[in-house]
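Subject: A structure for you to explore

Hi there,

Here is the structure I promised to pass on to you. Have a look around first, and then read on for what turned up in it.

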Amino acid sequence: MKTLNLLAPVSQLLKPLRRQSSSRVNALLINVPRVQLSKGKNKYLLMMIHMHGLTRFGRTIVRGSASKDHEEIFEEIQKEMDKIGICAKCLGGGFISNKEDKKVMKIYGCCKTFGEAPHGRTKDILLSWTKFQHYNIILPKKNLNAYQ
């Protein structure tokens, strides 16, 4: 009984954390652009963003840069998301060759640090973005004879 009495003053000192409404959380996630790519050959990351403990589902985003390494892209996204209170998890990476003049993209390769991103999922996200809806997006062909 004495331990319960001792804990009571401590609980009064701790202020309850202010919980954000689900509509505010969803607005924060929706306001993050789904795709950011440069022209030419991009190193890209496929990332899942969410509000830790406040959302059941996250939002998948694609980030790429022609001049930065995968690690630099990841660190930049982490800093950007930390400022607004969003958690980011890398799902993988690779390369995107973006030829805007021909409206053609090629998604290929693997990131040595984060592994290969599911390129099909990346393609779906790019096609859902209005800027890239009319692009021809090419995925690598799987070598089916590699295991035979």
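To begin with the charged side chains: which side chain meets Lys131 in a salt bridge? The partner is Glu100, with 3.5 Å from N to O. Please keep in mind as you read that this is a predicted model.

**Salt bridges**

The count of salt bridges comes to three. In the one you have just met, Glu100 sits in the loop between E4 and E5 while Lys131 sits in the loop between H4 and E6, so the pair ties together parts that are 31 residues apart in sequence. Glu100 is partly exposed because its relative accessible area is 22%, a value between the 20% limit for buried and the 50% limit for exposed. Lys131 is partly exposed too, at 45%.

Another salt bridge joins the side chains of Lys43 and Asp69, at 3.1 Å from N to O. This pair also links distant parts of the chain: Lys43 belongs to strand E2, Asp69 belongs to the loop between E3 and H3, and 26 residues separate them. Asp69 counts as partly exposed, with 35% relative accessibility.

Lys68 and Glu76 form a salt bridge as well, and their closest N and O atoms are 2.0 Å apart. Lys68 is partly exposed at 26%, and Glu76 is partly exposed at 39%.

**Two annotated residues**

Lys43 deserves another look. UniProt lists Lys43 under "binding site", in an unreviewed entry. Lys43 is partly exposed, with a relative accessible area of 27%. Setting aside neighbours within four places in sequence, the contacts of Lys43 include Arg63, Gly64, Ser65, Lys68, Asp69 and His70.

That last contact brings us to the other annotation. UniProt places the feature "active site" at His70, again in an unreviewed entry. Is His70 buried or exposed? His70 is buried because its relative accessible area is 8%, under the 20% limit. You will find His70 in helix H3, which covers residues 70–83. Apart from neighbours within four places in sequence, His70 is in contact with Lys43, Tyr44, Leu45, Gly93, Gly94, Phe95, Cys111 and Phe114.

**How the strands pair**

Strands E2 and E4 run antiparallel and are joined by eleven bridges. One of these partnerships involves Lys43, whose bridge partner in E4 is Phe95. E2 also pairs with E3 in the antiparallel sense, over seven bridges. There, Leu46 has Val62 of E3 as its bridge partner.

Leu91 gives you another way to see E2 and E4 side by side on screen. Leu91 is in strand E4. How far apart are the C-alpha atoms of Leu91 and Met47? They are separated by 5.3 Å, although the two residues are 44 residues apart along the chain. Not counting residues up to four places away in sequence, Leu91 touches several residues, among them Leu46, Met47, Met48 and Thr60. Leu91 is partly exposed, at 25% relative accessible area.

**The nonpolar cores**

In soluble globular proteins, nonpolar side chains tend to be buried together. Here, the largest nonpolar core has 15 residues, and those touching the most other members are Val32, Met47, Ile49, Ile77, Met81, Ile86 and Ala88. Helix H2 (22–30), strand E2 (40–50), H3 and strand E4 (87–99) each supply at least two residues of this core. A second, separate core contains 14 residues, including Val35, Val62, Met105 and Tyr135.

Val32 is a good residue to click on in the largest core. Leaving out neighbours within four places in sequence, Val32 is in contact with Ile49, Arg59, Ile61, Arg63, Met81, Ile84 and Ile86.

**One face of helix H4**

Which residues of helix H4 (residues 119–128) are buried? They are His119, Thr122, Ile125 and Leu126. Seen down the axis of H4, the buried residues fall within an arc of 115 degrees, so they line one face of the helix. An α-helix has 3.6 residues a turn, so residues three or four places apart point the same way. The buried residues of H4 pack against E1 (35–36), E2, E3 (59–65), E4, E5 (104–108) and E6 (136–138).

Enjoy exploring, and write back with any questions.

Best wishes

Terms used:
Residues numbered from 1 in each chain as written. Predicted model: local features only at pLDDT ≥ 70, side-chain atom pairs only at ≥ 80, totals over all residues. Heavy atoms only, no water. UniProt positions renumbered as here; feature names shortened; annotations may be inferred. Helix = DSSP H or I, 4+ residues; strand = E, 2+ residues; numbered from the N terminus. Buried < 20%, exposed > 50% of the residue type's maximum accessible area, 1.4 Å probe, protein only. Contact = heavy atoms within 4.5 Å. Core = buried A, V, L, I, M, F, W, Y, C linked by side-chain atoms within 4.5 Å. Arc of directions from axis to C-beta. Pairing = 2+ DSSP bridges. Salt bridge = Lys/Arg side-chain N within 4 Å of Asp/Glu carboxyl O.
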